[in-house]
Structures are given as structure tokens and as C-alpha cells.
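Hi,

Here is the structure I promised to pass on. Have a look at it first, and then read on for my notes.

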Amino acid sequence: MTRRTERRTGRIAALLLMLTAAAGCATAPPPPVDPARLDEAAARLGRPLPGDLAALYGLRVARSGGLRLALAATGDAGRLTISEPFGAAVSLTAWQVGRPTVFYDLREGCRQEVRDLAEVLGVGALPLPEAARLLGGRLPAVAGDRVEATESGDLVVYGEGWAATVRLAADPWRVVEVVERRSGGGWRIELGDHTSSVPGLIVLEHPDGRWAELELSRLEWPDALELPALPDLPPCGLP
């Protein structure tokens, strides 16, 4: 599946999100899901991804625009690369379910273990394995995570050290919002411009005002994806 980088619907959605955020208002919630259909939703969105995933996004953060984010996932492993507008990679993040996620800072020439997207995008959010499933059009849950239904028509995912409410829309089933369950408020991910269950626009927001926006420009399901090799870098913080 391919998409044009410049899409009118994506620009309009992004503008509306930024305007409502600036005004301190929440975007309109989707129509409530019939709780009787949550088992159907969980089964549909809890399936494995169709295959290996390769996707390219335009990335905007609070202090920088024009970045590119490339996602490559196969099985329970993957890579996430952020590049400058003219092609130079600035970071590479590698993950595999059951092992530490490693962030390679290519500008500083060092590596460190990370728990989630905070080091990668500057906005704390999901662990990388769950994030890859979310971007591929599935629930942000991997083996070992627990998924429960609520009476209000949402699902709740309980992972290792985190939990989030997942709001859905039906026909087709898709995730439209993921909100961290944390006293005093947590991070929030809003997803829109879907093609079937795959989101084309993703906005991450932190309670302190930090944000990041991803706009999908290309997505493929290759038959045999080879992950990029990892650089040989020392741990960050060494003298």
C-alpha cells in the first residue's frame, strides 16, 4: 500500500488536532462501541500482523519538522530509524520481544537501553514492540500483555510497567486513541486517517506539552524483510 506524502485529509486532521490542543480542548471522541462487540474487536485487532512490515513516515516534533521515520518489523523484532530531511540518520532503535530495547544515538556515537518511545521521539509512550503493532493496525499488545474489556466499550491493555485504555471504532475495527492509565494524567496517542485498520496519522501528546506527529507516506508487507545491521557503539555516558 502506498500513499502520497502530501495528503489533504492528513493536513486537515493535523491542523484540527493542533488547533484543539492549543485551545486546551480535547478532540471529539468516537461514537461509543457496543460492549457486547468487544470480544469481536479484541479478536480482530489482536491477530498477528499480516507479515513483515516496512513503513515510512514524515515526522514532526515540537522543535523540528521535515524529519523521516522508517519502521521495519519482522516477527518479534524490529528497527526504527529517524533521519534528517536530506537523508542522514540521527538515531536507530532496535527491539526484540523479551530483550532490552536499545537506542543508538548516531549523533553522539553511543547506545543505551530504553523502555519506550521517550528517548526516540521525546514523548514517553508505548514500548517499541507494542508500538509497531499499533502502527500496523493492531492492538498495542504482545505476548504476556493482558487485554480486558470495560463496561464503557473500551479495552484496557496491561503491559510490563504500564497500562493504557484503548478506544476503538467499528466497521472496520480500528484503534482511534490510546491513553495511559496514570494518576494525574499520562501520555495520549490519537490515530486517524485510517485505511482499514492501519492509521495514516498518529499524534503523541505528553501532559507537559511535548508532542510528536507521524504521517504515513508508504507502507508495505514484504515477503522476507532483512533488518538493518546494528552499529558497534559504546554505551552512552562513558568518560
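Below is what turned up, going from the empty spaces to the strands, one helix and a few single residues.

Before anything else, please keep in mind that this is a predicted model.

**Empty spaces inside**

Rolling a probe the size of a water molecule over the atoms shows where empty space is left. Here that turns up 2 cavities of 30 Å³ or more. The largest cavity holds about 130 Å³ of space. It has 15 lining residues, and those closest to its centre are Leu117, Leu121, Ala131, Leu135 and Leu214. Strand 2 (64-74), helix 4 (128-135) and strand 12 (201-205) each give two or more residues to this lining, with helix 4 making the largest contribution at 5 residues. What sort of residues make up the lining of the largest cavity? There are 15 nonpolar ones, with no polar and no charged residues.

The second largest cavity comes in at about 30 Å³, and its lining is mixed: 5 nonpolar, 3 polar and 2 charged residues. Among the residues around it are Leu45, Leu134, Arg138, Arg174 and His194.

**The pocket**

If you are after an open space instead, look at the largest pocket, which has a volume of about 580 Å³. Of its 29 lining residues, Arg115, Pro127, Glu130, Glu160 and Trp162 are the closest to the centre. The whole lining divides into 11 nonpolar, 10 polar and 8 charged residues.

**Strands 1 to 3**

Strand 1 (residues 53-61) pairs with strand 2 in the antiparallel sense, over 8 bridges. The two are joined by a hairpin with 2 residues in it, and Ala55 sits opposite Leu71 of strand 2. Strand 2 also runs antiparallel to strand 3 (residues 77-83), with 7 bridges between them. One of the bridge pairs there is Thr74 with Ala77 in strand 3. That hairpin also has 2 residues between its strands, and Gly75 in it has a positive phi near 60 degrees.

**Helix 2**

Which residues of helix 2 (residues 38-45) are buried? They are Leu38, Ala41 and Leu45. These three lie on the same side of helix 2 because they cover an arc of only 60 degrees around the axis. The general rule behind this is that an α-helix has 3.6 residues a turn, so residues three or four places apart point the same way. The buried residues of helix 2 pack against helix 4, strand 7 (146-149), strand 8 (155-159), strand 9 (162-169) and strand 10 (174-180). On the face turned away from the buried side you will find the exposed residues Asp39 and Ala43.

Ala42 is also in helix 2, and it counts as partly exposed because its relative accessible area is 24%. Leaving aside neighbours within four places in sequence, Ala42 is in contact with Leu139 and Leu155. Ala42 and Trp173 are 131 residues apart in sequence, yet their C-alpha atoms are 9.2 Å apart in space.

**Pro140**

Pro140 lies in the loop between helix 4 and strand 7. Is it buried or exposed? With a relative accessibility of 0%, Pro140 counts as buried. Not counting residues up to four places away in sequence, Pro140 touches Leu126, Glu130, Leu134, Asp145, Val157, Trp162, Val166 and Val178. For the last of these contacts, Pro140 and Val178 are 38 residues apart in sequence and 8.7 Å apart from C-alpha to C-alpha.

**Some backbone oddities**

Most residues other than glycine have a negative phi, and most peptide bonds are trans. Against that background, have a look at the loop between strand 9 and strand 10, where Asp171 and Pro172 are found. The peptide bond joining Asp171 and Pro172 is cis, with omega at about 0 degrees. Asp171 is not a glycine, but it has a positive phi of about 60 degrees. It counts as exposed because its relative accessible area is 60%, and the cut-off for that is over 50%.

Asp193 has a positive phi too, of about 55 degrees, and is not a glycine either. You will find Asp193 in the loop between strand 11 (188-192) and strand 12. At 24% relative accessibility, Asp193 is partly exposed.

Cheers

How values were computed. Residues numbered from 1 in each chain as written. Predicted model: local features only at pLDDT ≥ 70, side-chain atom pairs only at ≥ 80, totals over all residues. Heavy atoms only, no water. 1 Å grid on protein atoms, 1.4 Å probe; cavity = no way out; pocket = protein on both sides within 12 Å on 5 of 7 lines; lining within 4 Å. Points joined across faces, edges and corners; volume = space filled by probe spheres on them. Helix = DSSP H or I, 4+ residues; strand = E, 2+ residues; numbered from the N terminus. Nonpolar A, V, L, I, M, F, W, Y, C, P; charged D, E, K, R; others polar. Pairing = 2+ DSSP bridges. Buried < 20%, exposed > 50% of the residue type's maximum accessible area, 1.4 Å probe, protein only. Arc of directions from axis to C-beta. Contact = heavy atoms within 4.5 Å.
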